Structure formats: structure tokens, C-alpha cells
Amino acid sequence: MNGYNAGVPGATRWETLTRVIIPGVLGNVLTGLRLAIGITWIVLVPCEMLGVQAGLGYFILDTRDRLAYPELMATVIAIGVIGFALDYAARAFVQRYGRGG
């Protein structure tokens with residue numbers, strides 16, 4: 001081997017990787033990252049309800065037990081706003097970098 005890739009005439013393996021392969025898969029990888037962030041947020045809050053003494057999920061159960069419904073609603077709204085902000089940031093990142101810059 002002389003360092004050139006037979007699949008792309010005249011390009012080294014590094015050039016093929018950085019100019020063809022990575023730009024070709026980056027959109028899909030970033031979309032997968034966006035989905036992973038969303039699923040993580042959906043799973044994180046209920047997990048906090050199970051065995052921890054802090055966090056938004058724990059706070060929801062605590063406010064329910066104390067019958068502090070205004071705090072409970074504020075927490076649910078905060079969870080929604082944080083989730084929306086995470087998705088918005090991930091979507092902006094995908095739009096900026098996922099289509100070739």
C-alpha cells in the first residue's frame with residue numbers, strides 16, 4: 001500500500017475519511033445524538049423518582065406528598081421548559097453542523 005485509497009482516486013485515506021466519510025455520516029450521527037438527549041431526559045426524571053433524595057423527579061413526589069400542588073405544577077413546567085431547551089439546542093446544532101456546515 002502506498003497510502004492511497006483505491007475507492008477514491010488520488011485521495012489518501014485521511015482525505016477520504018475527513019472529506020467524504022465523516023461529512024457523509026455526520027448528519028445521521030448528530031440526529032442520533034439529538035434523539036439520545038431526548039430519550040435521556042425522558043428517562044432521567046422518572047429514574048429520580050425511584051431511589052434518590054434529590055432531583056426533579058424526587059421533588060415531584062415530595063410536593064405530591066406535601067399536597068403542594070402549585071410547586072408540583074411549577075416543577076412539571078420546568079421539566080418541560082428544560083426538555084424543550086435541550087431539544088432546541090440539539091436541533092440547532094444538527095442544522096448547523098449536520099448538513100456540511
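**Reading the helices of a predicted model**

Modeller: In this predicted model, F84 and Y88 sit 4 residues apart in helix α3 (residues 69–97), so about one helical turn separates them.

Colleague: What makes F84 and Y88 an aromatic pair?

Modeller: Their ring centres lie 6.4 Å apart, and rings pair if their centres lie within 6.5 Å. The structure holds 1 aromatic pair, and it is formed by F84 and Y88.

Colleague: Why is the pair of F84 and Y88 called stacked?

Modeller: The angle between the two planes is 25 degrees. Planes under 30 degrees apart count as stacked, so the name fits.

Colleague: How do you know whether F84 is buried or exposed?

Modeller: Its relative accessibility is 55%. The cut-off for exposed is over 50%, so F84 counts as exposed.

Colleague: What makes up the largest nonpolar core?

Modeller: That core has 5 residues, namely W41, V45, I60, L72 and I79. Helices α1 (13–51) and α3 are the elements that give two or more residues to this core.

Colleague: Why are W41, V45, I60, L72 and I79 called a nonpolar core?

Modeller: A nonpolar core is made of buried residues of certain kinds, Val, Leu, Ile and Trp among them, joined through side-chain atoms within 4.5 Å. These 5 residues form such a set, so they earn the name.

Colleague: Which residues does L72 touch, leaving out those up to four places away in sequence?

Modeller: L72 touches I60, T63 and R64.

Colleague: How many helices and strands does the protein chain have?

Modeller: There are 3 helices and 0 strands, running α-α-α from the N terminus. Of the 101 residues in the chain, 18% are buried.

Notes: Residues are numbered from 1 along each chain as its sequence is written. This is a predicted model: local features need pLDDT of at least 70, side-chain atom pairs count only at pLDDT 80 or more; totals for chains, interfaces and linings use all residues. Side-chain values use heavy atoms; hydrogens and water are left out. Buried means under 20% relative accessible area, exposed over 50%, partly exposed in between (1.4 Å probe, protein chains only). Rings of Phe, Tyr and Trp (its six-membered ring) pair if their centres lie within 6.5 Å; planes under 30 degrees apart count as stacked, over 60 as edge-to-face and the rest as tilted. Contact means heavy atoms within 4.5 Å.
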